[in-house]
Amino acid sequence: MDRIESDTKKISVTIIAQNEQSRIRKAIESCKGFADEIVVVDGGSTDATREIAESLGCKVYLNPWPGYAEQRNFAATHAEHDWIFFIDTDEFVDSELNGSLLNWKKGAASEADVYNVYRIGNFMGIWLSRGEYLTRLYNKRKTKIRVTPVHEGPETEGLKVDSLPGVLWHDGYRSIADHVNRFNRYTELEAEKAVSSNKNFSLLRLLTRPILRFGQKYVLQGLFRKGLAGLTIAMLWAYYEYLCQIKLYELIRVQKTGHVEQKAG
């Protein structure tokens, strides 16, 4: 027994949250089977988010919102253990992934520096058939979340990467309006990131990327099988690509002219 305990790795689960009282309980409870501690960093909720997390035994810290990457790194610095598994409040771990993480803790997996998990999303009440691999388990002594305006994750360059079986379910759909609002916010961050990287506007990208994204989602990823929900999400991703490019054009123009033209009248 002593040998097994000494060989077992420890996992700190980190969750960043703000006004997520309706979702955070499921996320926390899905991690209890493998987590040695759960750290919740709240950006300033006005609902019962912090109280729910505390009632479930989490360590809760308040930190005014500094950005996604910065908030995740703040959470990692307050975690007791080196291995960090991070999720969002609208995500939950399935039983297979829970078992994979337990087996990993006992040494029944490869010795990588970071691990990917497979995430599948929900849209308009329908679970999509395909998802994406995202890096969610990492050793904070080897890496940290790279600071980027959007799509943040651990820096993996030069590190050994492996994957864990199971699914991280992403129950992120709230409404079409919420989805559009989030896409609007994310595309602003994408455009700002492109400008900071000295990326130029391209009319060709503006015309082709929305079409290519629609084809990828609707045809290659099989969203045509999901009816109206599949068509809608493919169209929204095409819209996302268009917004990224046209906002890049706008930001570059503002840099050159110093202002945005106002409508007459």
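This is a short walk through a predicted model, with a suggestion at each stop for what to select.

**Whole chain**

Start with everything shown as a cartoon. You should be able to pick out eight helices and nine strands. The C-alpha trace spans about 75 × 40 × 40 Å along its principal axes. The radius of gyration is 20 Å, which agrees with the value near 18 Å for a compact globule of 265 residues. Switch on a surface if you like: the accessible area is about 14,100 Å², and 52% of that belongs to carbon and sulfur atoms. Buried residues account for 46% of the 265. Among contacts with a separation of 6 or more, 72% are between residues 24 or more positions apart.

**Helix H8**

Now select residues 227–257. That's H8, a run of 31 residues reaching 45 Å from first C-alpha to last, close to the 45 Å expected at 1.5 Å a residue. Step just past its end to Gly258, where phi turns positive, at about 85 degrees. While you're in this part of the chain, show Cys244 too: it is buried, at 10% relative accessible area.

**Cysteines**

How many disulfides does a search of the whole structure find? Zero. Show Cys31 and you'll see that the nearest cysteine sulfur, on Cys58, is 9.0 Å away. Cys31 itself is buried, with 0% relative accessibility.

**Salt bridges**

There are 19 salt bridges in the count; here are a few to display as sticks.

Begin with Glu80 and Lys59, whose side chains meet at 3.6 Å, N to O. Glu80 sits in the loop between H4 (68–77) and S4 (83–88) while Lys59 is in S3 (residues 59–62), so the pair ties together parts 21 residues apart in sequence. Glu80 is exposed at 54%, and Lys59 is partly exposed at 33%.

Next, pick Glu91 and Arg119, a salt bridge at 2.7 Å, N to O. Glu91 belongs to S5 (residues 91–93) and Arg119 to S6 (residues 114–123), so this bridge ties parts that are 28 residues apart. Are these two buried or exposed? Both are buried.

Then go to Lys142 and Asp113, with their closest N and O atoms 2.7 Å apart. Lys142 is in the loop between S8 (132–139) and S9 (161–170), and Asp113 in the loop between H5 (95–105) and S6, so far as sequence goes 29 residues apart. Lys142 is partly exposed at 48%, whereas Asp113 is buried at 14%.

For the last stop, add Glu132 and Arg136 to Glu91 and Arg119: salt bridges with shared partners join these residues into one network.

Notes
Residues are numbered from 1 along each chain as its sequence is written. This is a predicted model: local features need pLDDT of at least 70, side-chain atom pairs count only at pLDDT 80 or more; totals for chains, interfaces and linings use all residues. Side-chain values use heavy atoms; hydrogens and water are left out. Helices (H or I, at least four residues) and strands (E, at least two) are DSSP runs, numbered from the N terminus. The expected span of a helix is 1.5 Å times one less than its number of residues. A disulfide is a pair of cysteine sulfur atoms within 2.5 Å. Buried means under 20% relative accessible area, exposed over 50%, partly exposed in between (1.4 Å probe, protein chains only). The radius of gyration is taken over C-alpha atoms; the globule rule is 2.2 Å times the number of residues to the power 0.38. Contact means heavy atoms within 4.5 Å. Accessible areas come from the Shrake-Rupley method with a 1.4 Å probe; for residues, only the protein chains shown count as cover. A salt bridge is a side-chain nitrogen of Lys or Arg within 4 Å of a carboxyl oxygen of Asp or Glu.
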